[in-house]
Amino acid sequence: MNNKISFIDKCPLLAGLPGEARELLAQKAHCQHFSQGDTIYPSGSRLERLSIIAKGQVRICSSNFSGREATLAILGNGAWFGDTVFCPGTPRVFGARAHSDCVIVDIPGELLREKMKQYPEAYPIALEQISRRLWTVMSIIQDDVLRGTEARIARRLFFMAQMHSGGHKNSHSSFRLTKELLANTMGMTRQGVHRVLKNIESQGLIECSYGRISVPDLSRLGAYIEKLD
């Protein structure tokens, strides 16, 4: 892939780096192709790299010994993952799996940390991006403990839609997600998830098709969630 620089230039985590630093990252980055269902890396791995999705979707997930999978997020084109790149040697709590056929641009962790050290003005932007991720994860934990079923599902859909829309609150978002996968993510039955989705869909907040969920207006779904809270 010859346009690695275009994906690196658009990565919000790297926005604080000057152009020459991003150009060097692009020169040293390498691309990997994965088929749907392939493991990109398992949970517990100690890989030191930042990954950017050039094409397709990636599922950030973990599974137990019986094979049951819990999904934290499904990321699309342009999204980044591999937060532990700034904590070398730290095992990754969640693994990554190709949710669809995808292409990943990988930036070596040691080189990225070297460039961040060389250009410390890039740290505030990177810290903001990582802090937003942490806030989202803490919100999900809070949802699981304190909120009802409909609020939990609606907020999880809102989070996934945001990840696919680049954070634009008024935009439309569509992503591949089966009811079975959502049920596994929420620790619920498929039937229970289906009932809640039907209720949310009846209010025009989401559109469900085979293996896909669309959110016509993120701001409307967000307002609905606030009422549930």
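Is E128 buried, exposed or partly exposed? With a relative accessibility of 39%, E128 counts as partly exposed. The close-ups below start from this residue and then move through other parts of what is a predicted model.

**Figure 1. A salt bridge within helix α4 joins E128 and R132.**
The closest N and O atoms of E128 and R132 are 2.8 Å apart. Both residues belong to helix α4, and the four residues that separate them in sequence amount to about one turn of the helix. E128 is partly exposed because its relative accessibility, 39%, falls between the 20% and 50% limits. The E128 pair is a good place to begin, and there is company elsewhere: the count for the model comes to seven salt bridges.

**Figure 2. Helix α4 runs from residue 123 to residue 146.**
Here we step back to take in the whole helix. Its 24 residues reach 34 Å from the first C-alpha of α4 to the last, close to the 34 Å expected at 1.5 Å a residue. Which residues of α4 are buried? They are A126, Q129, R133, T136, S139, I140 and D143. Two of these, I140 and D143, come back in Figure 4, where they help to line the largest cavity.

**Figure 3. A nonpolar patch lies on the surface.**
The patch is formed by L134, V137, M138, I141, V145 and L146. Together these residues have about 590 Å² of accessible area. One of them, L146, is found in helix α4. L146 counts as exposed because its relative accessibility is 64%, above the 50% limit.

**Figure 4. The largest cavity holds about 30 Å³ of space.**
Rolling a probe the size of a water molecule over the atoms shows where empty space is left. Searching the whole structure turns up one cavity of 30 Å³ or more. Its lining is made up of I140, D143, D144, R152, R155, R156 and M186. Helices α4 and α5 (149-165) are the elements that give two or more residues to this lining.

**Figure 5. A salt bridge links R190 and E180.**
The closest N and O atoms of R190 and E180 are 2.8 Å apart. R190 lies in helix α7 (residues 190-202) and E180 in helix α6 (residues 179-186), so the pair ties together parts that are 10 residues apart in sequence. How accessible are the two partners? R190 is partly exposed, with a relative accessible area of 38%, and E180 is likewise partly exposed, at 42% relative accessibility.

**Figure 6. K198 and E201 form a salt bridge in helix α7.**
In this pair the closest N and O atoms are 3.8 Å apart. K198 and E201 are three residues apart in helix α7, so about one helical turn separates them. Both partners are partly exposed: K198 has 45% relative accessibility, while E201 has a relative accessible area of 22%.

**Figure 7. S43 sits in the loop between β2 (39-41) and β3 (49-55).**
Our last view turns to a loop. S43 is partly exposed, as its relative accessible area is 35%. Where does A96 come in? S43 and A96 are 53 residues apart in sequence, and their C-alpha atoms are 7.6 Å apart in space.

Notes: Residues are numbered from 1 along each chain as its sequence is written. This is a predicted model: local features need pLDDT of at least 70, side-chain atom pairs count only at pLDDT 80 or more; totals for chains, interfaces and linings use all residues. Side-chain values use heavy atoms; hydrogens and water are left out. Patches are made of residues with over 30% relative accessible area and no salt bridge: like charges are joined within 9 Å, nonpolar side chains (Val, Leu, Ile, Met, Phe, Trp, Tyr) within 5 Å. Accessible areas come from the Shrake-Rupley method with a 1.4 Å probe; for residues, only the protein chains shown count as cover. A salt bridge is a side-chain nitrogen of Lys or Arg within 4 Å of a carboxyl oxygen of Asp or Glu. Buried means under 20% relative accessible area, exposed over 50%, partly exposed in between (1.4 Å probe, protein chains only). The expected span of a helix is 1.5 Å times one less than its number of residues. On a 1 Å grid over the protein atoms alone, a cavity is a set of points where a 1.4 Å probe fits but cannot get out, and a pocket is an open set with protein on both sides within 12 Å along at least five of seven lines; lining residues have an atom within 4 Å of a point. Grid points are joined across faces, edges and corners, and a volume is the space filled by probe spheres set on the points.
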